[in-house]
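Me: I'm new to reading structures, and I'd like to understand the labels people put on them. Could we go through one together?
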Amino acid sequence: MNLDDALQTFIVESRELLALMESGLLSMRESADPSDEINAVFRAAHTIKGSSGLFGIDGIVAFTHVVESVLDRVRDNEIGIDESLISLLLACGDHIGLLVELTAETGNCEDEALIAQAQPLVEALGRYLAAGAQCAAHTRPDSGLHDGGEAAATPHPQRWLISLQCGEPVLRNGMDPLSIIHYLARLGEVTRVATNVEGVPLLDALDPEACYLAFEIELLSDAGRQAVEGAFEFIREDCTLRIEEGGDEPAASPAQPDAEPSIDAALLAPEGAAQAPASLSSSPSEAAVAAAPAAARSGAAARENKSADSHSIRIDADKLDHLIDLVGELITASASTELAARKAQNTELRESAATLNNLIQKVRDSALQLRMVKIGATFNRFRRVVHDVAQELGKRIDLVVEGEDTELDKTVVEKIGDPLTHLVRNSMDHGIEPADVRLARGKPEHGRLTLNAFHDSGSIVIEVSDDGGGLDRDRILAKAVERGLVPHDATLTDDEIYALIFEPGFSTAERVTNLSGRGVGMDVVKRNITALRGSIGIDSRPGIGATISVRLPLTLAIIDGFQVCVGNSIFILPLDAVEECVEFASGGVHDYTDLRGQVLPFIRLRECFELEGPVSARPNIVVVKHAGQRFGLLVDRLLGEAQTVIKPLSKMFGKARGVSGSTILGSGEVALILDIADLMAMAGPAGPAGQISASPALATC
Amino acid sequence: MNAPLTVQIELPLTIYHAAELKELMSDALERGAGVRFDVSAVPEIDCAGVQLLVAARRSAADRRQACDFVGASETVQATLALLGVPQLLTQAQPLGETLAALEETVS
Amino acid sequence: MTRTTQPPLPSPDTARHCAQYLTFLLGGEMFGISILTIKEIIEFHEVTTVPMMPHAVRGVINLRGAVVPVVDLQARFGRQPRPVTKRTCIVIVELGANSEMPVVGVVVDGVSEVLDITAADIEPAPAFGAQLRTDFIAGMAKVRERFVILLSVEHVLAIDELAALAGERQLAAPELA
């Protein structure tokens, strides 16, 4: 029984359509000629209405119908687009979203609370319709929800004669002619339905999921042929359908059900009974012919749509994850094979293993690519957020989006949504000044919020910038002292002060707005980012603006690593961070060395991690780079490149420093992955590259 | 000859339960001299359900058995009316009188 | 090389008040853990140390592709570490589906046997004298004239506590030149 599957598809597609509606509505404001956007929004609403009608979700049909009516008038230039209409339509889109979600959970959307919520929206829509001129039809506000029959379209009511001979698989495919009849009732008035049951066999011979019915329907509607045909879109493949325009008088069709002849007579004497079935069956070729061009037309239209979609395919996220897991295991297995081949010292085997490994790397790259999504979709969601929040705050704020094509792993995308939202809201609330303040400062009245993303040495950097007042250093310090976060006589650099906003319980908002003043925000943001093994930084210039940068690993799944050995332990460094390796002549007390004339500070990993094991006579320094800073790691041996699957470390190691994960080597051993950023932090504030620090704390871990 | 039977149907007369209902109705027709299906607990009906009603009545007629459906809720009645087949519920079988008569004699 | 053994299934006529415990030796004392929490037992093999962790956290091992943390019970109990012998094993404990860290390995000197212990034979932990944190002890079972300390796995292997220990260790780390 795949009704559930069909309903699932409806839910998913409705969500997409709603997203289209929203983005169309938001674009309208900026567009000189918004007719494309208006059409797109109308089509989205129209499709949602149609599909929900087929599933008999009357609540959505009814509400969307009113929205569609308004959009139709807008399309015809009878109603003008303005801010308040856009806001209203956005709110309506949200409401439809609620109805869709309720349907997803419970199978229908009948809910008194939601109906109540819809009331003011429907009334507002009604006012637009009433104001919108010439057509006689309008929705009465108090029955707006149930009045689906009167469309705003222009043509006058037309009588339609529909004959529908259902094919056997109709019910099994999840359709029910009843829903279609209900839907037709919303397009106008269904004046007559005749159901032909002569095809129904005896009970024992009946297939409970097969369809044996045929219908004759008379409809009075001004919706137009396309709308009427549209009602049958999902069913017509399996049926013989014929739609004719009737005259103004009721069609002179042999009216069997009206007279209510004995049903048993009909059952017992199938050839007798009414001519309605006869009319259906007498000219099957006619009916077929009539249906065929119609089918051909809709087929062509469908094909057009399909060709636009054929370049993408919807995948179940679980299946993708499973594939990635398998690829991960492939990689580990391939590494073991190569190791074994090396030991076996068999040339053919080694070559074979190398070829295999090569191919697997390509599979890995392709598989990981599948998980990569462009950040643009996430950024675009913020247009709505910015729009709504700006309205709430009474500020005018423009959103600029850059780097939308920057790709990142889908799991990362899913997790940055919330932190980013908070950062955006924070910038809008605290960063960007109210219009009068801005004007007084000689800034444009409209505040500007920029979202940007780009790749940088194996990470993705996401920036949230605003051209507001920047962070108020003194106020932050004062608040921190007040909260006991720092002693009152502490001297801190500007950066250290800015970093205080990430401390739990911190908030400088003088009044707690419902957005971001509650002091639960920034520390949670930082925690979320850290949990993704990312980092967050602030760059602020008073009076000019602030930029918050979030740095995240490109992928959480597989690492191109560089293996090193320190004592008895093997560690993996992210290959992207490694610049070069240099031999180190040991001796010397300092923890810095000369790299082509430049000072390179380094960390002695053995001491830092308190490791044991043999010391190499010829240690090496691996030069790594992170966030623009260069430093070295002193190790005993270099073991070369290796590509492995990242296995996250258990929460027990949440406070472990210097390591960001683990991986299983070809030998079966577990090796730890070094966290370059953390190592740099452990080296202390005097760490930055290219500087000699007099402080022996340079190599403190 | 078997005794007349009243059978309660409590499932919705919809495609989700159609297979089960077919069994139930089939059995009932096997067992009873005539069957009265009490559908007062049936919340809704769809096309699959309509087919079941038709098939049951047809089979009963075929075997010269009485069969009717009583107690239909307004929802069910409305659906059948919409489809133009309200008589599935209202019309008595030709042997309806026989059923009533049988009931009287038995009780 | 690992040899894995599944703990035996409870016998069919186990009375409702009787539960099964895996007993093992540690530092000459006998301890017991409910077999319901035990996933498997493996031979001791290389544990990868995670730097700067407290002694109680020995490191991680590869358990069929999963990286599993390993806890040193002696250290956890505040005692001196024991040398590894060929009887040393790692008992893999499952802390439960809704726990954040489902699987942890525990190093023991050697496993003994699975015992049926009825509730009647279990006494509450003594107020003192066991030289072990009382919350680690679920109860004292009397078995054949000796006591078996039944451990409360949720406390002994409490993730948050172990994680926090690591934090303390960081702060106490001496400066390195």
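Reply: Happily! Let's start in chain C, where strand β1 (residues 18-26) runs antiparallel to β8(C) and is joined to β8(C) by seven bridges. Keep in mind that this is a predicted model.

Me: What makes β1 and β8 of chain C a pair of strands?

Reply: Two strands count as a pair when there are at least two bridges between them. Here seven bridges join β1(C) to β8(C), so the pair qualifies. To see a place where the strands face each other, find C:A19, which stands opposite C:I117 in β8(C).

Me: Why are β8 and β9 of chain C said to stand at the edges?

Reply: Six strands of chain C form an open sheet, in the order β8-β1-β2-β11-β10-β9, with mixed pairing. β8 (110-118) and β9 (122-123) each have a single partner strand, so one side of each is left without a neighbour in the sheet.

Me: Now chain A. How do you know that β10 and β11 of chain A pair?

Reply: The same kind of check works: the cut-off is at least two bridges, and β10 (residues 535-541) and β11 (residues 545-553) of chain A have seven, in the antiparallel sense. In β11(A), A:V550 is the bridge partner of A:I536. The two strands form a hairpin with three residues between them, and A:G543 in the turn has a positive phi of about 85 degrees.

Me: Why are helices α3 and α4 of chain A called roughly antiparallel?

Reply: Angles over 145 degrees count as roughly antiparallel. Helix α3 (residues 58-75) and helix α4 (residues 83-106) of chain A pack at about 170 degrees, with axes 10 Å apart, and are therefore roughly antiparallel to each other. Among the residues making the contact are A:F63 and A:V67 of α3(A) and A:L89 and A:I96 of α4(A). By class, this contact has eight nonpolar, three polar and no charged residues.

Me: What makes A:S35 partly exposed?

Reply: Count the other C-beta atoms within 10 Å: 20 or more would mean buried, and 12 or fewer exposed. A:S35 has 13, so A:S35 falls in between and is partly exposed. You'll find A:S35 in helix α2 (residues 35-54) of chain A. A:S35 and A:R75 are 40 residues apart in sequence and 7.3 Å apart in space, C-alpha to C-alpha.

Me: Which element gives the largest share of the side of chain B that touches chain A?

Reply: That is α2(B), with 11 residues. The contact takes 30 residues from chain B and 28 residues from chain A.

Notes. Residues are numbered from 1 along each chain as its sequence is written. Chains are lettered from A and ligands numbered from 1 in the order in which they are written. This is a predicted model: local features need pLDDT of at least 70, side-chain atom pairs count only at pLDDT 80 or more; totals for chains, interfaces and linings use all residues. Helices (H or I, at least four residues) and strands (E, at least two) are DSSP runs, numbered from the N terminus. Axes are lines fitted to C-alpha atoms, for helices over the stretch in contact, and angles run from 0 to 180 degrees between N-to-C directions. Angles under 35 degrees count as roughly parallel, over 145 as roughly antiparallel, 65 to 115 as roughly perpendicular and the rest as oblique. Two residues are in contact if their C-beta atoms, placed from the backbone, lie within 7 Å. Ala, Val, Leu, Ile, Met, Phe, Trp, Tyr, Cys and Pro count as nonpolar, Asp, Glu, Lys and Arg as charged, and the others, Gly among them, as polar.
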